[in-house]
Amino acid sequence: RKNVAHHYDLSADFYALFLDDDMQYSCAYFTDPDMTLEQAQAAKKAHIAAKLRLEPGMRVLDIGCGWGGMALTLARDYGCEVTGVTLSENQLKTAIKRADAAGLSARTQFRLEDYRHTEGTFDRIVSVGMLEHVGVPNFGTYFERVAELLDPDGIALIHTIGRSAPPIAHSSWINKYIFPGGYVPSLSELAPAIEQSGLWQSDIEIWRLHYAKTIRHWRDRFNANIEEISATYDARFVRMYQYYLTVCILAFEHQMQAVYHFQLAHKRDRVPLTRDYLYSAPSCST
């Protein structure tokens with residue numbers, strides 16, 4: 001919780017100055033290179049929703065729900081009952097406030113809760129950009145909990161930054177100043193934990209360069225609002241964030257860093273046998 005507070009409990013107003021309108025603080029999905037950031041983030045959520053095979057009334061758990069954007073989208077556009085858990089007090093307050101403003105409080109529940117303490121089972125589980133905070137010693141626990149919390153007929157979608165290469169030490173600078181406790185896993189570190197969970201890997205997708213495009217949008221917006229940011233934060237903080245965004249762009253453009261989608265299920269036949277459904281399925285709304 002202390003590590004989460006270091007990064008995410010900065011003012012939501014600060015993040016609103018460089019994120020998209022829905023406050024998505026994770027990789028967008030550029031189906032067209034000329035997409036706006038808002039369009040690409042909407043495409044990301046739609047792609048994830050398609051992989052979850054949602055139906056109205058389904059109970060969805062959002063592990064690491066951020067400021068509530070994914071949960072609100074699944075509740076509003078797909079008619080789901082969504083429980084979001086986070087360890088950030090700032091994100092919790094913002095998510096609850098947004099749900100109230102959108103008239104979605106009856107379909108969403110946000111809790112300040114460690115996923116390891118969550119109880120019950122869910123038809124669907126989604127987790128976007130949270131696995132990077134789990135750490136190697138806890139990967140087994142993470143996927144075990146996903147398996148325990150997922151209904152026997154359920155589907156889970158885990159979206160995470162990952163390395164398409166052997167493990168390396170995490171940046172000491174990033175760890176100290178930006179993401180204490182954070183770690184970008186290699187596929188070789190995640191595979192054993194997924195295998196031991198007993199879940200089927202119904203699909204694994206790798207996004208290349210999408211995050212570099214996303215962060216370039218963030219950096220452009222950050223720099224465009226630098227005067228407003230500087231009114232609250234000192235010059236050292238501003239330079240620190242500019243450096244953070246820049247080195248992350250370089251990591252996704254020039255190093256072996258990408259984004260993984262792990263679609264998991266207890267049963268091998270819970271999703272279609274080809275990916276065709278992802279590109280032809282009509283959008284669901286209620």
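**Exercise 1. From S2 to S3**

Find the bridge partner of Thr86 in S3, then work out the handedness of the crossover from S2 to S3.

*Solution.* Step 1: Thr86 has Leu112 as its bridge partner in S3. Step 2: follow the chain from S2 through helix H5 (residues 89-102) to S3, and you get a right-handed β-α-β crossover. Right-handed here means that, with the strands pointing away from you, the path from the first strand over the helix to the second runs clockwise. Step 3: Val82 stands opposite Thr108 in S3. Step 4: S2 (residues 81-86) and S3 run parallel and are joined by five bridges.

Some bookkeeping before going on. This is a predicted model, so local features need pLDDT of at least 70 and side-chain atom pairs count only at pLDDT 80 or more, while totals for chains, interfaces and linings use all residues. Residues are numbered from 1 along each chain as its sequence is written, and side-chain values use heavy atoms, with hydrogens and water left out. Helices (H or I, at least four residues) and strands (E, at least two) are DSSP runs, numbered from the N terminus.

**Exercise 2. The whole sheet**

Write down the strand order of the sheet and pick out its edge strands.

*Solution.* Step 1: the order is S3-S2-S1-S4-S5-S7-S6, seven strands in an open sheet with mixed pairing. Two strands pair if DSSP finds at least two bridges between them. Step 2: S3 (108-112) and S6 each pair on one side only, so to speak of edges is to speak of these two strands. Step 3: from one strand to the next, the twist averages 15 degrees. Step 4: lay H3 on top; this helix lies across S4 (122-128), S5, S6 and S7, and runs at about 145 degrees to S5. Axes are lines fitted to C-alpha atoms (for helices, over the stretch in contact), and angles run from 0 to 180 degrees between N-to-C directions.

**Exercise 3. Which side of H8 faces in?**

List the buried residues of H8 (residues 187-197) and explain why they sit on one side.

*Solution.* Step 1: the buried set is Glu189, Leu190, Ala193, Ile194 and Ser197. Their arc around the axis is only 120 degrees, which puts them on the same side of H8. That arc is taken over the directions from the helix axis to the C-beta atoms. Buried means under 20% relative accessible area, exposed over 50%, and partly exposed in between (1.4 Å probe, protein chains only). Step 2: recall that an α-helix has 3.6 residues a turn, so residues three or four places apart point the same way. Step 3: turn to the face away from the buried side, and you meet the exposed residues Glu195 and Gln196. Step 4: the cover over the buried residues of H8 includes H6 (139-149), S5 (150-163), S6 (200-207) and S7 (257-265), going by contact (heavy atoms within 4.5 Å). Step 5: just after H8 comes Gly198, with a positive phi near 85 degrees.

**Exercise 4. The cores**

How many residues does the largest nonpolar core have, and which have the most contacts inside it?

*Solution.* Step 1: a nonpolar core is a set of buried Ala, Val, Leu, Ile, Met, Phe, Trp, Tyr and Cys residues joined through side-chain atoms within 4.5 Å. Step 2: the largest one has 40 residues, with Phe14, Tyr15, Phe18, Tyr25, Trp218, Tyr241 and Tyr244 having the most contacts inside it. Step 3: two or more residues each come from H2 (12-16), H3 (37-52), H9 (210-224) and H11 (235-254). H11 gives the largest share, nine residues. Step 4: there's a second, separate core of 28 residues, including Leu52 and Val82.

**Exercise 5. Loop residues**

Is Leu19 buried or exposed, and what does Leu19 touch?

*Solution.* Step 1: Leu19 sits in the loop between H2 and H3. Step 2: its relative accessible area is 2%, so Leu19 is buried. Step 3: skipping residues up to four places away in sequence, Leu19 touches Gln24, Tyr25, Leu37, Trp67, Trp218 and Arg221.

Now find the phi of Arg53 and of Leu209.

*Solution.* Step 1: most residues other than glycine have a negative phi. Step 2: Arg53, not a glycine, has a positive phi of about 55 degrees. Arg53 lies in the loop between H3 and S1 and is partly exposed at 33% relative accessibility. Step 3: Leu209 also isn't a glycine, and its phi is positive, near 75 degrees. Leu209 lies in the loop between S6 and H9 and is partly exposed, at 45% relative accessible area.
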